[in-house]
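Grab a pencil and work through these exercises with the model open beside you. Try each task yourself before you read the solution.

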Amino acid sequence: MNEIGSYRSGVVAIIGRANAGKSTLINRLLGEKIAIVTSKPQTTRSRILGVLTREEVQFLFVDTPGFHEGQKALNRALVQLAEEAIKDCDVALLLVDSTKGFSASYRDIVFKLQENTKPVVAVATKIDLVPKTEMHWPEELSFSARCSVSAKTNFGIDALLQLLEGFLPEGPRYYSPDQLSDRPLRFFVSELIREVAFEMLGDEVPYDLAVDIRDFDESQEDLISINADLLVETASQKKIVIGKGGRLIKELGIRSRHKIERFLGSKIYLGLFVKHEARWSKKPGRIKALGYN
Ligand SMILES: Nc1nc2c(ncn2[C@@H]2O[C@H](COP(=O)(O)OP(=O)(O)OP(=O)(O)O)[C@@H](O)[C@H]2O)c(=O)[nH]1
Ligand SMILES: [Mg+2]
């Protein structure tokens with residue numbers, strides 16, 4: 001228990017390689033879905049704030065894009081987001097998928113963390129998928145703490161929160177207790193559509209696909225009307241997303257509408273339009289305008 005008046009608050013950056021389980025963990029920590037999750041790597045494209053307010057502490061969790069190679073402007077921007085999150089946090093969680101272990105590909109992240117003077121907690125994720133063996137963490141990195149979690153079964157989640165509380169400085173309640181994130185609703189809507197597209201499309205198209213909410217109209221009492229463009233980079237990708245006789249885009253629309261209605265707790269109209277916009281993922285200004293920042 002803290003002394004009266006000594007409220008704690010601070011930023012906890014969640015970092016790690018693509019597909020390590022960062023977004024699943026932030027959703028579990030908050031008890032609410034604020035970040036989309038897919039089985040494919042490089043799902044997250046934004047720094048997403050998730051606020052967890054307790055009586056004596058406010059955690060400002062930041063989900064980040066996974067570290068990955070890739071030379072497009074989009075790829076570089078994503079890695080930069082994760083790097084900035086490391087610099088701006090009070091404590092960093094370094095997530096490593098326990099089914100994969102601490103591979104050599106983590107070296108770059110390790111170097112960046114060593115430059116940083118903030119505490120780093122090593123977190124082995126997805127431990128429901130591995131037999132109970134200790135994760136091997138490299139000797140050269142001295143972590144402030146180590147733990148194992150499963151966002152699926154909830155194992156280790158409360159212990160992680162308790163541990164993190166100890167790393168947060170004294171500070172004010174930055175956000176009101178009912179505020180979950182700093183992003184507008186339309187951002188979450190665009191992400192839910194992207195989540196469906198990621199799972200429905202093969203391996204190539206999702207990485208060149210962006211969702212641009214053109215309008216979000218709440219003026220009607222019992223129906224929110226949303227029109228969104230699905231941007232793709234080539235004419236052939238446009239054909240794939242539309243599908244034979246428009247079947248794929250229709251199914252994508254139905255699945256997206258269900259997810260968005262659950263999220264908003266309201267009936268919605270959803271209009272989806274597939275647009276060929278060459279090179280959007282190579283234009284830093286466009287990437288930012290789409291909310292990937
Ligand atoms: N079994 C199991 N699967 C998990 C767990 N956490 C995440 N996953 C799965 O791992 C995959 C990747 O999860 P994400 O949360 O999207 O991973 P991420 O690190 O945010 O990925 P990027 O945004 O691409 O960097 C998804 O299929 C999740 O369902 C877990 O605790 N247990
Ligand atoms: Mg993610």
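**Exercise 1. Follow strand β1 and its partners.**
Work out which way β1 and strand β4 pair, and over how many bridges.

*Solution.*
Step 1: Find β4 at residues 91-97 and set β1 beside it; the two pair in the parallel sense, over five bridges. Keep in mind that you're looking at a predicted model.
Step 2: For a landmark on this pairing, look at I15, which stands opposite L94 in β4.
Step 3: Now turn to strand β3 (residues 57-63). β1 pairs with β3 in the parallel sense too, over seven bridges. Here the landmark is R8, with V57 of β3 opposite.
Step 4: Check how covered β1 is. The strand runs over residues 8-16, and eight of its nine residues are buried, so call it mostly covered.

**Exercise 2. Place one residue, S148.**
Decide whether S148 counts as buried or exposed.

*Solution.*
Step 1: Locate S148 in strand β6, which covers residues 145-148.
Step 2: Count the C-beta neighbours of S148 inside 10 Å: there are 20.
Step 3: Compare with the cut-off. A residue is buried if 20 or more other C-beta atoms lie within 10 Å of its own. S148 has 20 such neighbours, so S148 counts as buried.
Step 4: See who the contacts are. Leaving out residues up to four places away in sequence, S148 touches S98, A124, I127, M135 and G156.
Step 5: For contrast, jump 80 residues along the chain to A228: the C-alpha atoms of S148 and A228 are separated by 39 Å.

**Exercise 3. Read a hairpin.**
Find out in which sense strands β7 and β8 pair, and how many residues sit between them.

*Solution.*
Step 1: Mark β7 at residues 210-217 and β8 at residues 224-232.
Step 2: Trace the pairing: it is antiparallel, over seven bridges. You can anchor it at A210, which stands opposite L231 in β8.
Step 3: Look at what links the strands. Six residues lie between β7 and β8, and the two strands form a hairpin.

**Exercise 4. Zoom out to the whole chain.**
Explain why the chain can be called as compact as a globular protein of its length.

*Solution.*
Step 1: Take stock of the pieces: the chain has eight helices and nine strands.
Step 2: Compare two numbers. The radius of gyration is 20 Å, and the globule rule gives 19 Å for 293 residues; these are close, so the chain is as compact as a globular protein of that length.
Step 3: Add the outline: along its principal axes, the C-alpha trace spans about 60 × 45 × 40 Å.
Step 4: Ask how much is covered; 35% of the 293 residues count as buried.
Step 5: Split the chain up. The domain assignment gives domain 1 (8-165) and domain 2 (185-289). Nine residues from domain 1 and 13 residues from domain 2 take part in the contact. The centres of the two domains, taken over C-alpha atoms, are 27 Å apart.

**Exercise 5. Look around ligand 1.**
Name the residues that come nearest to ligand 1.

*Solution.*
Step 1: Gather the 24 residues around ligand 1; G21, S23, T24, T44 and G66 come nearest.
Step 2: Sort the shell by class: seven residues are nonpolar, 13 polar and four charged.
Step 3: Pick out the top contributor. Helix α1 (residues 22-30) gives the most to this shell, with three residues.

Terms used:
Residues numbered from 1 in each chain as written. Chains lettered and ligands numbered in written order. Predicted model: local features only at pLDDT ≥ 70, side-chain atom pairs only at ≥ 80, totals over all residues. Near = placed C-beta within 6 Å. Helix = DSSP H or I, 4+ residues; strand = E, 2+ residues; numbered from the N terminus. Nonpolar A, V, L, I, M, F, W, Y, C, P; charged D, E, K, R; others polar. Domains from an automatic or database assignment. Contact = placed C-beta atoms within 7 Å. Rg over C-alpha atoms; globule rule 2.2 N^0.38 Å. Buried ≥ 20, exposed ≤ 12 C-beta atoms within 10 Å, placed from the backbone. Pairing = 2+ DSSP bridges.
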